[in-house]
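Open the model in your viewer and keep the sequence panel beside it. The stops below go from the whole chain to single residue pairs.

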Amino acid sequence: MNRPTVTKLAAVVVALVVGLGAGMGIGYAAWHSGSMGGGMMGGGMGGMMGSSGTKSRSGPAASSGASTIKVTAQEFSFSPDRLRIKAGQTVNIEFSDAGSMFHTFTVVGGPTFNLQANAGQSISGALTLSQPGTYQFICSVPGHAQAGMEGTIRVT
Ligand SMILES: [Cu+2]
């Protein structure tokens with residue numbers, strides 16, 4: 001995941017080219033039906049989503065009374081990209097897509113937690129990480145994490 005910038009750019013170009021070709025339909029279907037929870041995203045790496053997809057959530061709905069962490073996505077970064085929460089504490093992640101493409105906020109290696117939004121949309125979900133450690137979150141659109149849409153959640 002942590003490649004030099006030049007390689008990241010190359011990866012985006014490759015993803016774009018592949019996405020414009022045969023990858024579109026297959027990648028979209030694989031990504032949509034695949035299980036996001038276990039780790040990386042199954043077989044969807046070939047496609048590019050463009051602006052497709054709709055606002056949706058996998059994981060608990062926002063919890064009233066929990067504190068809110070706002071995370072904004074754009075091409076190709078998250079802001080902030082370093083989050084910190086307490087183990088076992090439920091926080092609402094308010095994910096806003098301020099870019100011009102479809103993006104997701106997807107926790108890797110933790111409980112299933114995925115927020116996705118088109119440009120201009122925002123959506124919230126309740127996130128609870130009970131085990132201390134450092135978790136990664138990414139945009140699961142193929143190529144986006146490699147382009148810089150990744151961050152960490154420190155749980156202490
Ligand atoms: Cu993205």
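Two residues are in contact if their C-beta atoms, placed from the backbone, lie within 7 Å. On that basis, among contacts in the protein chain between residues at least 6 apart in sequence, 70% join residues at least 24 apart.

**Whole chain**

This is a predicted model, so colour the protein chain by pLDDT to begin. The average is 78, and 66% of the residues score at least 70. Select residues 1–51: pLDDT stays under 50 over this stretch, for which the model has 73 contacts beyond four places in sequence.

Switch to a cartoon view. The protein chain has two helices and ten strands, and along the sequence they follow the pattern α-β-β-β-β-β-β-β-β-β-α-β. Of its 156 residues, 35% count as buried.

**The four-strand sheet**

Select strands 3, 2, 5 and 8. In that order they make up an open sheet with mixed pairing. Strand 3 (77–79) and strand 8 are the edge strands, each pairing on one side only. From one strand to the next, the twist averages 25°.

Start at the edge with strand 3, which pairs with strand 2 in the antiparallel sense over three bridges. To find one of these positions, pick Gln74; its bridge partner in strand 3 is Ser77.

Move on to strand 2 (residues 67–74) and strand 5, which pair in the parallel sense over seven bridges. Here Ala73 has Asp97 in strand 5 as its bridge partner.

Next, show strand 5 together with strand 8 (residues 122–128). These two run antiparallel and are joined by seven bridges. Pick Thr90 and look across to Thr128 in strand 8, which stands opposite.

Stay on strand 5 (residues 90–97) and ask how many of its eight residues are buried. Six are, so the strand is largely enclosed by the rest of the structure. Buried here requires 20 or more other C-beta atoms within 10 Å of the residue's own.

**The six-strand sheet**

Now select strands 1, 7, 6, 9, 10 and 4. They form an open sheet in the order 1-7-6-9-10-4, again with mixed pairing. At its edges are strand 1 (56–58) and strand 4 (82–85), each of which pairs on one side only. Ignoring direction, neighbouring strands of this sheet are turned by 20° against each other on average.

Within this sheet, zoom in on strand 6 and strand 9, which pair in the antiparallel sense over three bridges. Val108 stands opposite Gln136 in strand 9. In a regular strand the side chains alternate between the two faces of the sheet.

**The nonpolar core**

Show side chains for the last stop. Which residues of the largest nonpolar core touch the most other members? Of its 25 residues, they are Tyr135, Phe137 and Met149. The elements giving two or more residues to this core are strand 5, strand 6 (103–108), strand 7 (114–117), strand 9 (133–138) and strand 10 (150–155).

Finish by centring on Phe137. Leaving aside residues up to four places away in sequence, Phe137 touches Phe105, Thr106, Val107, Val108, Gly151 and Ile153.

Conventions: Residues numbered from 1 in each chain as written. Predicted model: local features only at pLDDT ≥ 70, side-chain atom pairs only at ≥ 80, totals over all residues. Buried ≥ 20, exposed ≤ 12 C-beta atoms within 10 Å, placed from the backbone. Pairing = 2+ DSSP bridges. Core = buried A, V, L, I, M, F, W, Y, C linked by C-beta atoms within 7 Å. Axes fitted to C-alpha atoms, helices over the stretch in contact; angles between N-to-C directions. pLDDT = per-residue confidence, 0-100.
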